[in-house]
Amino acid sequence: MISLNDILTLLPESFLTIAICALLLLDLFLKPAQRSVTHYLSIAALAVTGWLVLQHYGEPTAFGGMFVRDGIASVLKVFVLLTSALVFVYARPYLRDRGLFVGEYYVLCLFAVLGMMLLVSAGSLVMVYLGLELLALSSYALVALNRDSPLSSEAAMKYFVLGALASGMLLYGMSMIYGATGSLDLTAIHAATASGTQRGMLLFGVVFVVVGIAFKFGAAPFHMWLPDVYQGAPTAVTVFIGSAPKLAAFGMAYRLLESGLDGVGGYWQLMLALLAVASLAIGNIAAIMQSNLKRMLAYSTISHVGFLFLGLINGQPEGYAAAMFYAISYALTATVAFGIILLLSRAGFEAEEIADYKGLGQRAPWYAFLMALTMFSLAGVPPLFGFYGKLLVLKAVAVPGTLWLAISGAVFAIVGIYYYLRVVKVMYFDDPEEGAAAIDKPADAPMRAVISVNALALLVLGLHWGPLYAWCATALGIAK
């Protein structure tokens, strides 16, 4: 029976659900010229939901433990909502110029956000799967938003087929875990794994769960969908898929691996170690060979997933805090990287080839500076935000037994610097190509302001990263 405490505990998610349904109905009565109403109301819905997340009411759990409201969930939800709001601001001019400024974009993104919020608060395998599929189904539709583009349709089909395969593997692994432990509750599964019952079936399920997690993260060798989706989807969709869902993926991995399967940590940590090294190697090496900026950023995402896995491998609160901090830093940095592509794009020009940025330092010095900040942060150059994310993760695994992982991470981080610096070199040291599109049309004013703040925040958060890390550490129960 649903109690008042259950309702209060799920108030942010309940409000967002009501807001989505209201927007869906309102959009039916809006004329194309009034589409900005949906845009601003969507951002307002995210802002109110974020405010509700930060309030203290209700109980730590709801619906018999299926839903968990703790510090980890609150931190991840705040940044999921923040990055999603940034995406909406960046996407508006792009969508408007291409005839894609429709209510479906906002409704699907908000449904995906709702799925992410459920995912990071999951206390049961049922809630994990519910949140994951709500996110996944919305993402499939978003990738195919531009129905007139064969590239988008192909990317959506690949994403759907491989995503369905990943979901099937994850669900099969969950069924094996349920068979071994007799429970869907992650706390009960944690207790059962510690007792060592049905070890063979349990480990069989763990393998499939880790494979499912790797697919959803886009970790090598389960990364084949990621470059095609990033390149094929409209950039307004790519910026969303490439940012906030990485926070939800960390939340899913934490709930499944730490909250549920910590008793067999030695097994899944070894699997994650192999996936991490493969992701670091394949992501960084493949990114060097790319000429398309969106595709290069897709392969770099694979390498960043490898870093995130390094934090999870530690298996201690310090490692999880480092991984959470890394996920936040990557999400905020990725929004700037794809946001600048959106900022420089216009009808008939996508600004997604690296060659399109030749001479940008002369044509648009401020935009080139923002992109350079972003590339340096992704490369892990001090004192930018991304540097401290990498440093904390490497520190977490630089202990006896996993020191080789820290060395591997450091080596591949150095390799990754090359392709980020190549973008900077093209902007500042190459002359514009003949016939290059002139940057004569000013971007949407709110977008220019927000993306400038977003990019400069990478420097500010790099210089003052302590409070954010302290928030992550406190959420994980580390005394500071």
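1. In this predicted model, the count of aromatic pairs comes to 25. Two of these pairs are followed below, together with one cluster of rings and two charged side chains.

2. One pair joins Y140 and F160, whose ring centres lie 5.5 Å apart, and because their planes stand at 85° to each other the pair is classed as edge-to-face, a term that calls for planes over 60 degrees apart. Y140 belongs to helix α6 (residues 125-143) while F160 belongs to helix α7 (residues 150-181), so this contact ties together parts of the chain that are 20 residues apart in sequence.

3. The two partners are described differently in terms of exposure: Y140 is buried, with a relative accessible area of 9%, whereas F160 is partly exposed, its relative accessible area being 42%.

4. Helix α7 also supplies Y172, which pairs with F204 of helix α9 (residues 199-217), so that parts 32 residues apart in sequence are tied together. Here the ring centres are 6.1 Å apart and the planes meet at 80°, so this pair is edge-to-face. Y172 counts as partly exposed at 38% relative accessibility, and F204 counts as partly exposed at 40%.

5. Aromatic residues can also be followed as a group, since F325, F385, F387, Y388, W465 and Y469 form one aromatic cluster.

6. Finally, charged side chains deserve a look beside the rings: R98 lies over the face of Y94, at 3.8 Å from the ring centre, and K390 lies over the face of F307, at 5.1 Å from the centre of that ring.

Definitions and conventions:
Residues numbered from 1 in each chain as written. Predicted model: local features only at pLDDT ≥ 70, side-chain atom pairs only at ≥ 80, totals over all residues. Heavy atoms only, no water. Phe/Tyr/Trp six-rings, centres within 6.5 Å; stacked < 30°, edge-to-face > 60°. Helix = DSSP H or I, 4+ residues; strand = E, 2+ residues; numbered from the N terminus. Buried < 20%, exposed > 50% of the residue type's maximum accessible area, 1.4 Å probe, protein only. Lys NZ or Arg CZ within 6 Å of the ring centre and 35° of its normal.
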